[in-house]
Amino acid sequence: MFGVTAAERGTESTELLQEFVSLQKELFSDLGLHFRVLDMPTQELGLPAYRKHDIEAWMPGRDKYGEISSASNCTDYQSRRLHIMYRDGAGARRHAHTVNGTACAVPRLLIALLESNQLQDGRIRVPPALQPVVGTDIIAPPQAATPVYIGLNQPKRH
């Protein structure tokens, strides 16, 4: 996700960051994931970020939380480098503010979904929000094929 805002009131990019985080929380709630939102300390921020939120989901196989999403308010850092400007109400040119968000890190999201929904027999319970897309409520593990030796030293057949 990427957003560009004005900087008239000084709160536009903060509000957009909260909107991004709200969208991410809604997505992960709809998927039935157990997650937490971290307001990252300054020493964890990259150079462009003024403020950053990470979202971590519980991953039972790891026995810990793992990051599945993040969102950052970069204020005018990126717009100054990219020359992204707008005209304010008085007609003066000003640098816009930018907000970046990872809707979801797909591989890590899949890990959290699979591990959190695996049944004792190895099948996977599909979250209700995904059932129309997947077409089922349970995914069975694939059946392993019987291995067939195809090497040079084949047994003689009579």
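## Charges

Lys and Arg count as positive here and Asp and Glu as negative, with His and the chain ends left out of the tally. On that footing, this predicted model carries 17 positive and 17 negative charges, and their mean positions sit 8 Å apart.

## Overall build

Reading along the sequence, you get β-α-β-β-β-α-β-β-β-α-β-α-β. That adds up to four helices and nine strands in the chain. The radius of gyration comes out at 24 Å, well over the 15 Å the globule rule gives for 158 residues, so the chain is more spread out than a compact globule. The box filled by the C-alpha atoms tells you about the dimensions: roughly 95 × 35 × 35 Å along the principal axes.

## Surface and contacts

Of the 158 residues, 32% count as buried. The chain exposes about 10500 Å², with carbon and sulfur atoms supplying 54% of that. As for contacts between residues at least 6 apart in sequence, 49% join residues at least 24 apart.

## A look at Ile-68

Ile-68 belongs to strand 4, which covers residues 64-73. Buried or exposed, then, is Ile-68? Its relative accessible area is 0%, and buried means under 20%, so Ile-68 is buried.

Setting aside residues up to four places away in sequence, Ile-68 touches Phe-28, Leu-33, Ile-55, Glu-56, Ala-57, Met-59, Cys-104, Ala-105, Arg-108 and Leu-109. Ile-111 lies 43 residues from Ile-68 along the chain, and the C-alpha atoms of the two are separated by 9.5 Å.

Methods: Residues numbered from 1 in each chain as written. Predicted model: local features only at pLDDT ≥ 70, side-chain atom pairs only at ≥ 80, totals over all residues. Heavy atoms only, no water. Helix = DSSP H or I, 4+ residues; strand = E, 2+ residues; numbered from the N terminus. Buried < 20%, exposed > 50% of the residue type's maximum accessible area, 1.4 Å probe, protein only. Contact = heavy atoms within 4.5 Å. Rg over C-alpha atoms; globule rule 2.2 N^0.38 Å. Areas by Shrake-Rupley, 256 points an atom, 1.4 Å probe, with all protein chains shown as cover. Charge placed at Lys NZ, Arg CZ, Asp CG, Glu CD.
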